[in-house]
Amino acid sequence: MSRMLSIAVASIALSSAAHAQGDCAAGKTLTDGKFTVATGNPAYYPWVLDDAPEKGEGFEAAVAFAVAEEMGFDASDVVWVRSSFDEAIQPGAKSFDVNIQQYSITPERDQVVDFSAPYYTAPMAVLVGANATGTEATLEALKGLQWGAVGSTTAVPKLAGVIQPDSDPLLYGDNADVNAAIIANQIDAALFDLPTALYLSAVVVEGSKVIGQFPADPDDNPDQFGMLLEEGNPLKTCIDAALASLSESGKLAAIEAKWLQDTTGVPLIR
Amino acid sequence: MPKLDLRGVVKQFGDHMVCNGIDLVVEEGQMVCLIGASGAGKSTLLRCINLLEPIEDGAIYLDGQDISVPGLNPQSVRARIGIVFQSFNLFPHMTALENVMLAPRRVRGQSRAQLLPEVKALFERFGLADRMNKYPDQLSGGQQQRVAIVRALAMKPEVMLFDEITSALDPQLVGEVLDVLLMLKGQGMTMVMATHEMGFARQAADKVCFLKDGRIVEEGPPQSIFETPTQDATQRFLARALK
Amino acid sequence: MPGPSTAGMTRRERYEAQQKRRSALIAATSTVTVVAALYFLVPLAPGWAKVQQSFFNGEVLIKTFPKLLDAFRINVMIFAWSAPAIAVLGLLIALARDAKSPALFPLRIFGAAFTDVFRGVPVILTVYLIGFGIPGLGLPRPWNSPYIWGSLALILTYSAYVAEIFRSGIDSVHHSQRAAALSLGLSERQVMRDVVLPQAIRNVVPSQMNMLIALQKDVSLLSFIGPVEIFRQAGVFKSLLANFTPYVGAAIIFLVVTIPATRYADHLMARQMRERR
Ligand SMILES: Nc1ncnc2c1ncn2[C@@H]1O[C@H](COP(=O)(O)OP(=O)(O)OP(=O)(O)O)[C@@H](O)[C@H]1O
Ligand SMILES: [Mg+2]
């Protein structure tokens, strides 16, 4: 019955392509006619606002609803559950159709679970210490800062190639050391991928701020986030198709701009 | 007033009584020889006089002044009493000249230029004029020992102590060094020397003291000690030493 | 037949010359054999091509070497200002530990604690704690520079070791030298400065040379707190090019400096052994 209804609603709201998607998911979800989405407990800003994914606010919450819609589910058919990050990466049966909480797609993880196509490619972002929060998000202003980065990451060539700072950057072994250097005011700024930068500024480095982000660049060997599914879940093809169509139509980019640039206040660097 | 006056000097290393109540009077310009078996305490006694070893009991007077008072700054006393060791103890990183000049420069604050004439004269007097700029390891044993004597003399001491200064030398070098002592005696230097050179003691000493187990068993002019010793221990020692 | 030969050599000299030629021949033959075996056998190993590609890649070496050399200047710089500071501080600590006057008792305690602490803690920990910790107290730039505090960490650690070596040198000067100097009327301080220390320092030059060589390598630990010296620069190249050859290049640069220094230290050590005998 509910499935009939969802198809009916979808047929009114969406194109014929969406119709096909609706068919795609039929019978492949945990509960027929429902799309069960897991996220973190709690779920964090800016991925999910106020730890309330059902409201559809925050980047991942919005992506989940968009995908659901694309597959022909009604907003009310989206069921939210919670899962711990590590538990979900373990092999075995899952209590969700998809799990969305900033899972980076890695070959190791892909051995035991399935990932959707990436819904997000993390761009490089600039984290500055308390003394440099007033810096403008322009290349010109960034040149004058004392830079730091993790020596083994693509942040190093990015610094040398794009920012070309006036003084030699200091390089470190891992993120923790870069943070220590920011806290000690030995460097003004460091390059991280945006999710890391947001996390560091919110939780780790007191007084710091993410002042800008670069457009995502495949040369940066960026982290890509995918929805996590149980290994061999047939729903994967439907999710991938939905993401492809969202990306093609520009909706995915619009969601990203809304929740990861406008909401976070991290503008693109000019 | 005697130049040097030891009264009841006691020196112990732990339980070991090395000087066991030593009384000794040394008059100005006298040469006193200490003889006795190895371990009798001769070196230790000399080191006590020079304040290199603190004494447990008794007193040591230099020109009537008690120099053994605990707490007295030993530096001024040591500058007045020179000592020369069996093993020379020259400073190996300095030339002979630097060895000799070190103490006058540091203690009396004289400059090299000020010192050079008199030090040069000393080197010449001891037949070392051409050895002044050599390092100790470039000198023979006899030369090293003469440099050590010059080094002590450069401080213009009032008393000189010699601790078996010939026993590390080849026989032909011994004479070389003993001649130096005779020369000093001729100049009126007050001297105390521990020695195994019985012949020299007999010829040059004003007084000979025989030490045994930290005591002066017998003392007197060389003739009486060497020819008519009154104590059994002295006789036995000399019988062996003069053999 | 005994007696001098036509070459004017004694029988013994002739024998020794012959022995020498024989040893040289044997040494040369065995060296050539070993080197040849390595040269021909190693490339036969199944993984050689891969190892050569990622560790001994000539192209990568040529490309990265100038930059590595450039980064090595940072090592030299840090070394150049740390070494004299270590020598001075090490000597002061050694003297503090040997201080005899009761008024200087706190100094002695401090000296002992200092050497215990800084010899007991791994250098890298000291570099971290001082390099990030002290600037974290809120010093303004440039006074919070990792160059300053990282160098200080090296200086403190190495001073502790160097102090102990100086102390052993002071102990190695025979007490009769002290007695001789004291007997001349010199003060304790003068005895230490003019007689004991010059000999002590000379006695420990070879050991201190080894400390210098170790320091030259440990300068790289400063890379952990920011400065891009040769080790970090090699690491950046490694990540960038996915190739380990830059590390080999860095190792070559280190060896060019440390091998002569090591040989020189060994030479000094051997000479000292000969002199002692
Ligand atoms: N610093 C010391 N600590 C402990 N015992 C010592 C010390 N110096 C000397 N002695 C002991 O004191 C005793 C006397 O030694 P001393 O060197 O005065 O003898 P000596 O008469 O000079 O002998 P020699 O003719 O062999 O030089 C010896 O038994 C010696 O072992
Ligand atoms: Mg003796």
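This report walks through how the chains of this predicted model meet, and then visits a few local features.

## Before we start

Residues are numbered from 1 along each chain as its sequence is written, and chains are lettered from A and ligands numbered from 1 in the order in which they are written. Because the model is predicted, local features need pLDDT of at least 70 and side-chain atom pairs count only at pLDDT 80 or more, while totals for chains, interfaces and linings use all residues; side-chain values use heavy atoms, with hydrogens and water left out.

## Which chains touch

Let us begin with the overall arrangement. Two pairs of chains are in contact, and chains B and C share the most contacts, where contact means heavy atoms within 4.5 Å. Chain A and chain B do not touch: their nearest C-alpha atoms are 48 Å apart.

## Where chain B meets chain C

The size of an interface is often given as the accessible area lost when the parts come together. Here, buried area is the accessible area (1.4 Å probe) that two parts lose on being put together, summed over both. For chain B and chain C that area is about 1,700 Å², with carbon and sulfur atoms giving 61%. F91(B), H93(B) and R106(B) supply 33% of the area that chain B buries against chain C, more than any other three residues. The contact draws 22 residues from chain B and 18 residues from chain C.

R106(B) also takes part in a salt bridge with D194(C), the closest N and O atoms being 2.5 Å apart. A salt bridge is a side-chain nitrogen of Lys or Arg within 4 Å of a carboxyl oxygen of Asp or Glu, and the count between chain B and chain C is one. D194(C) sits in helix α8 (residues 188-218) of chain C and R106(B) in helix α3 (residues 96-108) of chain B, so the pair joins two chains. Helices (H or I, at least four residues) and strands (E, at least two) are DSSP runs, numbered from the N terminus. There are also six residue pairs in polar contact between chain B and chain C, both residues at pLDDT 80 or more. A polar contact is a pair of N or O atoms within 3.5 Å; within protein, one must be able to donate a hydrogen and the other to accept it, and residues adjacent in sequence count only if both atoms are side-chain atoms.

On the side of chain B that touches chain C, the elements giving two or more residues are α2 (74-80), β6 (81-84), α3 and α5 (141-153) of chain B. Among these, α3(B) gives the most, with four residues. By class, this side has 14 nonpolar, four polar and four charged residues. Ala, Val, Leu, Ile, Met, Phe, Trp, Tyr, Cys and Pro count as nonpolar, Asp, Glu, Lys and Arg as charged, and the others, Gly among them, as polar.

## Where chain C meets chain A

Chain C contributes 21 residues to this contact and chain A contributes 18 residues. The buried area is about 1,400 Å², and carbon and sulfur atoms give 54% of it. F132(C), R141(C) and R232(C) supply 38% of the area that chain C buries against chain A, more than any other three residues.

R141(C) appears again in a salt bridge, its side chain meeting that of D188(A) (2.6 Å, N to O). The rule finds one salt bridge across this interface, along with nine residue pairs in polar contact. The elements that give two or more residues to the side of chain C that touches chain A are α5 (123-136), α6 (146-172) and α9 (230-241) of chain C. Of these, α5(C) gives the most, with five residues. This side has 12 nonpolar, seven polar and two charged residues.

## A few local features

R141(C) has one more role to notice: the peptide bond from R141(C) to P142(C) is cis, with omega near 0 degrees. P142(C) lies in the loop between α5 and α6 of chain C. A cis peptide bond also joins Y45(A) and P46(A), with omega about -5 degrees, and P46(A) is in the loop between β1 (35-39) and α3 of chain A.

In chain B, L51(B) has a positive phi of about 65 degrees although it is not a glycine. You will find L51(B) in the loop between α1 (42-49) and β4 (57-62) of chain B.
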